[in-house]
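Please open the model in your viewer and keep the selection tool at hand. The tour moves from one selection to the next and says what is to be found at each stop.

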Amino acid sequence: MSAPARSRETHRVRRWLRALGGVAAGITLAALCMLAVVMLLNAGRGPDAGISAHSGLLAAVAGTLWLAILTAAIAVPVGVGAAVYLEEYAPRTRAWRFLASVLANLAGVPPVVYGIAGLALFVRGMGLGPSILAGGLTLGVLTVPRVIANSRRALASVPESLRWNALALGATRWQVVREQVLRAAAAGIVKGCSAALVRAVGAAAPLLIIGAASFTTFAPVSPSDPLTSLPTQIFAWTARPQAGFPALAAGASVTLLFVMALIGLVLWDIRRRHGEARR
Amino acid sequence: MTAFRSSTGAHPRSDPRERLMGGLLLGCTALAVASAAAVIGALGLETVRFFADVPLSRFLADLAWTPSAEEPGFGILPLLAGTAQIAWGATVMALPVALVLAVFLEFYAGKRTASVMNAAVAALSSVPAVVYGYFALNFVTPALKGVWPGLEAFNGISACLVVGLMILPTIVVLSREALGAVPRSVLRQAVALGATRERAVLRLALPAAWLGVLGSVVLAMTRAVGETMIVTLAAGNPTGVSWNPLEGVRTLTSFLAQASMGDLAPGSIEYGACFAVAAVLLLLTFGMHALGRALVSRGQADAPGGSRS
């Protein structure tokens with residue numbers, strides 16, 4: 001191919017690539033904008049007065065906050081602890097590698113499956129019934145493998161030389177982990193935990209399976225109260241075809257996104273303050 | 001790495017703090033393993049009970065899944081077919097956009113564009129599934145009805161589109177990681193030898209990263225297989241199998257969600273059926289996730305100048 005012909009060809013390819021990239025970016029942005037506009041418009045229409053008197057969101061919001069706290073209390077210590085053990089302590093034997101890979105792949109198992117397991121284990125087996133506690137335990141169990149996977153990724157990205165240097169200076173193993181590895185990986189671990197927790201807060205399927213109530217008359221004040229949450233409430237309202245309910249569901253969705261953003265903001269603040277404390 | 005783990009000299013076992021922390025971390029691991037075992041055990045136990053009542057041959061060969069009907073059908077195939085339809089459909093919708101976007105963001109987009117798009121992709125990945133389900137049912141289906149008036153109220157195409165939107169971030173983020181793992185020095189050398197930028201990207205970076213890209217697609221499909229809310233809300237609950245995307249689809253996950261809305265009596269055949277379906281879902285997603293992870297890590301090891309050297 002002669003030089004001018006070739007340069008003309010590459011120009012064409014480059015133009016095509018850029019145009020395609022722009023189209024793909026445009027499609028993604030358009031989808032996101034449509035999603036936001038649809039939710040806000042429908043939420044803005046507001047429900048009929050007849051329904052709205054019986055459809056407050058206080059119970060669902062309180063349920064979701066309870067679930068977030070329970071899930072974090074279970075999944076963060078267990079998940080981060082297990083990740084540290086698997087990355088820094090566990091011997092590299094076949095048995096440990098097998099256990100680690102089972103835990104890693106459980107992170108890919110969908111929440112519904114954990115819902116069915118939670119039904120057998122917590123609702124019936126432990127006799128908790130469809131309570132906030134049963135929901136929190138189910139979400140906790142489903143979040144642990146995700147926290148482990150994300151935390152292990154953060155720990156694995158800490159350079160090996162950091163560990164060796166600290167050991168060479170006479171640090172014990174836990175000192176190495178606490179003073180060097182965890183400090184270096186802290187931002188990544190908190191980020192990984194936040195991602196897993198935000199996912200759990202938005203999960204409706206497992207709570208639906210273990211029997212979330214779609215109609216509650218009081219806000220849960222203790223973990224033994226009946227299970228209710230924003231995602232399951234959105235599902236219940238969306239699944240009802242009568243007029244007025246789509247607007248309710250959209251309003252609840254906007255509320256859920258707001259609550260998730262709030263939780264994300266709190267976690268972001270923890271990350272930021274931790275980053276400042278390090279320096 | 002091994003030497004660090006086995007070097008016991010630097011951390012005296014006699015130090016109580018060392019032993020306490022080691023024990024605590026081991027305890028966390030034991031809890032995680034125990035909860036995983038409990039999940040797998042609970043599903044396994046009820047599934048074994050289910051297969052005591054329903055022969056495995058019916059599970060594999062029946063052509064209908066209607067466990068609560070007068071003459072029940074216990075064939076898993078219709079549900080697997082529905083799940084395959086949704087997973088393939090969603091991947092076919094998402095893959096072209098996601099792959100082009102990954103290449104564009106990694107090699108072409110300016111800083112501003114890239115940061116806007118990163119934020120958009122992150123936003124898409126944090127939208128809860130039930131909100132996507134609402135979007136599919138109340139916006140995408142009515143909009144598509146304008147194009148195909150014959151569209152049913154619950155249909156496969158709208159679910160596929162929205163599941164595709166949901167898995168798009170997975171493909172974009174992981175494919176970008178795979179493309180980013182190709183050493184820039186290799187690409188620069190190619191350009192220095194006279195290749196154009198496009199040649200370096202399309203003929204060098206993309207082939208070098210293709211295992212990682214494939215892995216990202218498999219992981220995204222795993223999410224599509226497990227997606228519950230969008231399919232339950234938008235694709236309906238038909239008992240038959242239809243390959244027409246304008247009609248409803250029932251998947252493994254949407255059966256579970258629908259069945260749990262009725263009252264499941266423990267010990268009943270429907271209760272056992274739910275566990276059998278959940279066990280199939282567990283095996284399927286576990287295997288796909290393992291395959292996807294293996295591809296992603298193989299891709300990293302295979303990349304020129306990758307971690308294998």
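What follows is a walk through a predicted model, beginning with the domains of one chain, passing to the contact between chains and ending at a cavity.

**First stop: the domains of chain A**

Select residues 1-45 of chain A and colour them as domain 1, then select residues 55-278 and colour them as domain 2, since these are the bounds that the domain assignment gives. The centres of domain 1 of chain A and domain 2 of chain A, taken over C-alpha atoms, are 35 Å apart. Where the domains meet, 4 residues from domain 1 of chain A and 5 residues from domain 2 of chain A take part in the contact.

**Second stop: where the domains of chain A touch**

Between them, domain 1 of chain A and domain 2 of chain A bury about 410 Å², and 82% of this area lies on carbon and sulfur atoms. Now show Met39(A), Asn42(A) and Ala43(A) as sticks: together they supply 77% of the area that domain 1 of chain A buries against domain 2 of chain A, more than any other three residues. On the side of domain 1 of chain A that touches domain 2 of chain A there are 3 nonpolar residues and 1 polar residue, with no charged residues. A search across this interface returns 0 salt bridges, and likewise 0 residue pairs in polar contact when both residues are at pLDDT 80 or more.

**Third stop: chain A against chain B**

Bring chain B into view beside chain A, and select the 87 residues of chain A that are in contact with 80 residues of chain B. The two chains bury about 7300 Å² between them, with 77% of it on carbon and sulfur atoms. How many salt bridges are counted between chain A and chain B? The count is 1, and to find it you can select Arg14(A) and Glu198(B), whose closest N and O atoms are 3.0 Å apart. The interface of chain A and chain B also holds 10 residue pairs in polar contact, both residues of each pair being at pLDDT 80 or more.

**Last stop: the cavity**

The count of cavities of 30 Å³ or more comes to 1, and the largest cavity has a volume of about 80 Å³. To locate this cavity, select residues of its lining, among them Pro78(B), Leu79(B), Gly82(B) and Gln85(B), and then add others, including Pro238(B), Val241(B), Val249(B) and Arg250(B). Sorted by class, the lining of the largest cavity comprises 5 nonpolar, 6 polar and 1 charged residues.

Methods: Residues are numbered from 1 along each chain as its sequence is written. Chains are lettered from A and ligands numbered from 1 in the order in which they are written. This is a predicted model: local features need pLDDT of at least 70, side-chain atom pairs count only at pLDDT 80 or more; totals for chains, interfaces and linings use all residues. Side-chain values use heavy atoms; hydrogens and water are left out. Domain bounds come from an automatic or database domain assignment. Contact means heavy atoms within 4.5 Å. Buried area is the accessible area (1.4 Å probe) that two parts lose on being put together, summed over both. A salt bridge is a side-chain nitrogen of Lys or Arg within 4 Å of a carboxyl oxygen of Asp or Glu. A polar contact is a pair of N or O atoms within 3.5 Å; within protein, one must be able to donate a hydrogen and the other to accept it, and residues adjacent in sequence count only if both atoms are side-chain atoms. Ala, Val, Leu, Ile, Met, Phe, Trp, Tyr, Cys and Pro count as nonpolar, Asp, Glu, Lys and Arg as charged, and the others, Gly among them, as polar. On a 1 Å grid over the protein atoms alone, a cavity is a set of points where a 1.4 Å probe fits but cannot get out, and a pocket is an open set with protein on both sides within 12 Å along at least five of seven lines; lining residues have an atom within 4 Å of a point. Grid points are joined across faces, edges and corners, and a volume is the space filled by probe spheres set on the points.
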